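Please open the structure in the viewer and keep the sequence panel visible beside it. The tour proceeds one selection at a time.

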Amino acid sequence: MSRCNRIPGAISVGTLIAGVLIAAGYALAQTEDPGQTQLGGGQSPYLSFCQERFYEEDDGLIRCNWAVNFNYACFVSYPSNKVIQLGSKITEPEVVGECDSGEKVIKIMHY
């Protein structure tokens, strides 16, 4: 009959893996300061659409009838209260199509 004999003082693979994971988690926790904000990363760019006739850059701000997609830009027929900082603009306005009414719709990438 075969029998497994445990070596005194030896640790199991499961115990070893658990120890490594705990140590890695502790090391990660020590490198991050929850009171410190992360600089230079983490924010994803936004893609916004609006009708070209409402697009206006003035006093460091961009105003338009902002919409989350092309179709909504056609239905929002007035400038919204949302403003975007001119410095957060990544791309220049690009015409991406026309509404049924003939109004041109543009898109920009921004933070």
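What percentage of the residues of the protein chain count as buried? Of its 111 residues, 20% do. The model on display is a predicted one.

**The whole chain**

Begin by colouring the protein chain by secondary structure. The chain has 2 helices and 6 strands. Followed from the N terminus, the elements come in the order α-β-β-β-α-β-β-β. Now switch on the surface of the protein chain: its accessible area is about 8,600 Å², and 55% of that area belongs to carbon and sulfur atoms. With regard to contacts in the chain at a separation of 6 or more, 45% are between residues 24 or more positions apart.

**The sheet of β2, β3 and β4**

Next, select residues 56–58, which form β2, and residues 83–85, which form β4. Add residues 61–63, which form β3. Together, these strands make an open sheet of 3 strands, ordered β2-β3-β4, with antiparallel pairing. Strands β2 and β4 are the edges, and each pairs on one side only. From one strand to the next, the twist averages 30°. Strands of a sheet pair through backbone hydrogen bonds, either parallel or antiparallel.

Stay with β3 and β4, whose antiparallel pairing extends over 3 bridges. Which residue of β4 is the bridge partner of Ile-62? Select Ile-84, and the partner is found.

**Strand β6 and its partners**

Move to β6, residues 104–110. Strand β1, residues 46–51, pairs with β6 in the antiparallel sense over 6 bridges. Strand β5, residues 94–98, also pairs with β6 in the antiparallel sense, over 4 bridges.

Lys-107 is a useful residue to select in β6. Phe-49 has Lys-107 as its bridge partner, and Glu-94 stands opposite Lys-107 as well.

**The loop between β5 and β6**

Finally, select the 5 residues between the strands in the hairpin of β5 and β6. Gly-102 of this hairpin takes a positive phi near 95°. Asp-100 is also found in the loop between β5 and β6.

Is Asp-100 buried or exposed? Asp-100 counts as exposed because its relative accessibility is 89%, and the cut-off for exposed is over 50%.

To end the tour, add Cys-74 to the selection and draw a distance from its C-alpha to that of Asp-100. The two C-alpha atoms are 8.0 Å apart in space, while Asp-100 and Cys-74 are 26 residues apart in sequence.

Key
Residues numbered from 1 in each chain as written. Predicted model: local features only at pLDDT ≥ 70, side-chain atom pairs only at ≥ 80, totals over all residues. Heavy atoms only, no water. Buried < 20%, exposed > 50% of the residue type's maximum accessible area, 1.4 Å probe, protein only. Contact = heavy atoms within 4.5 Å. Areas by Shrake-Rupley, 256 points an atom, 1.4 Å probe, with all protein chains shown as cover. Pairing = 2+ DSSP bridges. Axes fitted to C-alpha atoms, helices over the stretch in contact; angles between N-to-C directions.
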